[in-house]
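Colleague: I have a structure to go through with you. Can we take it in short questions, starting with burial?

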Amino acid sequence: MALTALDPKTALIIVDLQKGIVGGPLAHPIAGVIARSRALADAFRARGLPVVLVTVTGAAPGRTEQPRRDMAAWPADFAALVPELGQQPDGILVTKQSWGAFATTDLATRLSRLGVTQVVIAGVATATGVEATARQAYEQGFNVTLATDAMTDARADAHDYTMRAVFPRLGETGSTDAILALLERTA
């Protein structure tokens with residue numbers, strides 16, 4: 001589905017653009033993902049729309065086949081947001097303990113209190129943090145838009161599959177430029 005509309009009260013959610021994650025191997029250049037995420041954040045802030053910056057500091061407690069990464073080995077600044085995002089004191093900061101930004105936080109309640117009916121999502125990783133956040137937002141009843149060029153994953157095949165097969169079932173997709181143009185027309 002092509003990008004068709006932004007609700008008057010739309011929030012931007014930027015997932016896991018933090019020091020401990022962006023330094024790893026990724027399928028697309030992270031500098032571009034960060035720059036496009038910042039462009040979206042600046043545009044949302046200029047219009048007085050909520051900007052949510054999400055960090056992850058742990059994992060859900062369930063059992064998995066793959067061994068978990070040892071959190072004790074993470075650097076002290078693992079969860080620090082990249083400074084290029086321009087975090088604002090009045091912005092919404094969410095720290096999660098799961099893949100998605102809604103499951104272990106009060107984000108849905110906070111956005112609902114602000115009258116938000118739609119979210120635009122960007123960040124890393126496409127097939128985990130971004131996808132889980134999109135699924136949870138959709139399940140909470142938010143209209144979902146995904147900024148396809150403002151996200152990446154460590155695995156190109158996972159990124160491509162999620163873009164092609166999952167995101168069209170959860171919402172609308174569009175480039176940063178298309179979202180910015182639509183935001184301009186909506187204002």
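Colleague: What percentage of the 187 residues of the protein count as buried?
Modeller: This is a predicted model. A residue is buried if its relative accessible area is under 20%. Of the 187 residues, the share that meets this is 47%.

Colleague: How much accessible surface does the protein have, and what percentage belongs to carbon and sulfur atoms?
Modeller: The accessible surface comes to about 9,200 Å². Carbon and sulfur atoms hold this share of that surface: 53%.

Colleague: In what order do the elements run from the N terminus?
Modeller: The protein has six helices and six strands. A strand comes at the start and a helix at the end. The full order is β-α-α-β-β-α-β-α-β-α-β-α.

Colleague: Why is the protein called as compact as a globular protein of that length?
Modeller: The globule rule gives 16 Å for 187 residues. The C-alpha trace spans about 45 × 35 × 30 Å along its principal axes. The protein is as compact as a globular protein of that length because its radius of gyration is close to the rule, at 15 Å.

Colleague: Among contacts between residues at least 6 apart in sequence, what percentage join residues at least 24 apart?
Modeller: Contact here means heavy atoms within 4.5 Å. Take the pairs at least 6 apart in sequence, then ask which are at least 24 apart. The share is 80%.

Colleague: How far apart are the centres of the positive and negative side chains?
Modeller: There are 17 positive and 18 negative side chains. The centres of the two sets are separated by 3 Å.

Colleague: Is helix 4 mostly covered or mostly open, and what does it pack against?
Modeller: Helix 4 covers residues 126–139. It is mostly covered, with 10 of its 14 residues buried. Among the buried ones are Gly129, Val130, Ala134 and Gln136. The buried residues pack against strand 1 (10–15), strand 4 (118–124), strand 5 (143–152) and helix 5 (156–170).

Colleague: Which residue with a positive phi follows helix 4?
Modeller: The phi in question is near 95°. The residue is glycine 141.

Colleague: Is glutamate 131 buried or exposed, and which side chain does it join in a polar contact?
Modeller: Glutamate 131 lies in helix 4. It is buried because its relative accessible area is 10%, under the 20% cut-off. Beyond four places in sequence, glutamate 131 touches Ala125, Thr126, Thr162, Val166, Phe167 and Leu170. The polar contact of 2.9 Å joins its side chain to that of threonine 162.

Colleague: How does threonine 128 count, and which residues is it in contact with beyond four places in sequence?
Modeller: Threonine 128 also lies in helix 4. Its relative accessibility is 22%, so it counts as partly exposed. Its C-alpha atom is 25 Å from that of aspartate 42, 86 residues apart along the chain. The contacts beyond four places are Trp99 and Asp153.

Colleague: Is threonine 55 buried or exposed, and which side chain does it make a polar contact with?
Modeller: Threonine 55 lies in strand 2 (residues 51–56). At 4% relative accessibility, it counts as buried. Its contacts beyond four places in sequence include Asp16, Gln18, Ala79, Leu81 and Leu93. At 3.4 Å, the side-chain partner in the polar contact is threonine 95.

Technical notes. Residues numbered from 1 in each chain as written. Predicted model: local features only at pLDDT ≥ 70, side-chain atom pairs only at ≥ 80, totals over all residues. Heavy atoms only, no water. Helix = DSSP H or I, 4+ residues; strand = E, 2+ residues; numbered from the N terminus. Rg over C-alpha atoms; globule rule 2.2 N^0.38 Å. Buried < 20%, exposed > 50% of the residue type's maximum accessible area, 1.4 Å probe, protein only. Areas by Shrake-Rupley, 256 points an atom, 1.4 Å probe, with all protein chains shown as cover. Lys, Arg positive; Asp, Glu negative; His and termini not counted. Charge placed at Lys NZ, Arg CZ, Asp CG, Glu CD. Polar contact = N/O pair within 3.5 Å; in protein donor to acceptor, adjacent residues only side chain to side chain.
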